[in-house]
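Grab a coffee and work through these short exercises on charged pairs and a surface patch. Try each task yourself before you read its solution.

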Amino acid sequence: MNVLNELLTQNLNEAIERARASGRFEIADYLTLKASNDKIRKESVKWLFAAVLEIVFTFNKHGAKI
């Protein structure tokens, strides 16, 4: 999966550079914003799962069966 992510990032960066080179700055800006939002979303999901797991483990440590 890591190789796939690297390939996707490389292709996205190439698309951004091609858009800039052809004067399509609105496309380059959109792709840059999309990449940034995707990264934020990915990190947010990791944080959310970690927080939920921490809550579950704490409850389970005190006898809950979650």
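## Salt bridges and a nonpolar patch

Arg 24 has a relative accessible area of 43%, so it is partly exposed (buried is under 20% relative accessible area, exposed over 50%, partly exposed in between, with a 1.4 Å probe and protein chains only).

Before you start: this is a predicted model, where local features need pLDDT of at least 70 and side-chain atom pairs count only at pLDDT 80 or more, while totals for chains, interfaces and linings use all residues. Residues are numbered from 1 along each chain as its sequence is written, and side-chain values use heavy atoms, with hydrogens and water left out.

**Exercise 1.** Find the salt-bridge partner of Arg 24 and say how exposed that partner is.

Step 1: Recall that a salt bridge is a side-chain nitrogen of Lys or Arg within 4 Å of a carboxyl oxygen of Asp or Glu. The structure holds 5 of them.

Step 2: Look at Glu 26, whose side chain meets that of Arg 24 at 2.8 Å, N to O.

Step 3: Check the exposure: Glu 26 has a relative accessible area of 46%, so it is partly exposed too.

**Exercise 2.** Which residues do salt bridges with shared partners join into one network?

Step 1: Start with Asp 38 and Lys 34, whose side chains form a salt bridge at 2.8 Å, N to O. Both sit in helix 2 (residues 25–61), 4 residues apart, about one turn of the helix. Helices here are DSSP runs (H or I, at least four residues), numbered from the N terminus.

Step 2: Check their exposure. Asp 38 is partly exposed because its relative accessibility is 32%, and Lys 34 is partly exposed at 38%.

Step 3: Go on to Arg 41, which pairs with Asp 38 through N and O atoms 2.7 Å apart at their closest. Arg 41 and Asp 38 are both in helix 2, 3 residues apart, again about one turn. At 48%, Arg 41 counts as partly exposed.

Step 4: Put the pieces together: the shared partners link Lys 34, Asp 38 and Arg 41 in one network.

**Exercise 3.** Which residues form a nonpolar patch with about 340 Å² of accessible area together?

Step 1: Take Leu 48, found in helix 2 and partly exposed at 49% relative accessible area.

Step 2: Apply the patch rule: residues need over 30% relative accessible area and no salt bridge, with like charges joined within 9 Å and nonpolar side chains (Val, Leu, Ile, Met, Phe, Trp, Tyr) within 5 Å. Areas come from the Shrake-Rupley method with a 1.4 Å probe; for residues, only the protein chains shown count as cover.

Step 3: Name the members: Trp 47, Leu 48 and Val 52 make up this surface patch.

Note on methods. Helices (H or I, at least four residues) and strands (E, at least two) are DSSP runs, numbered from the N terminus.
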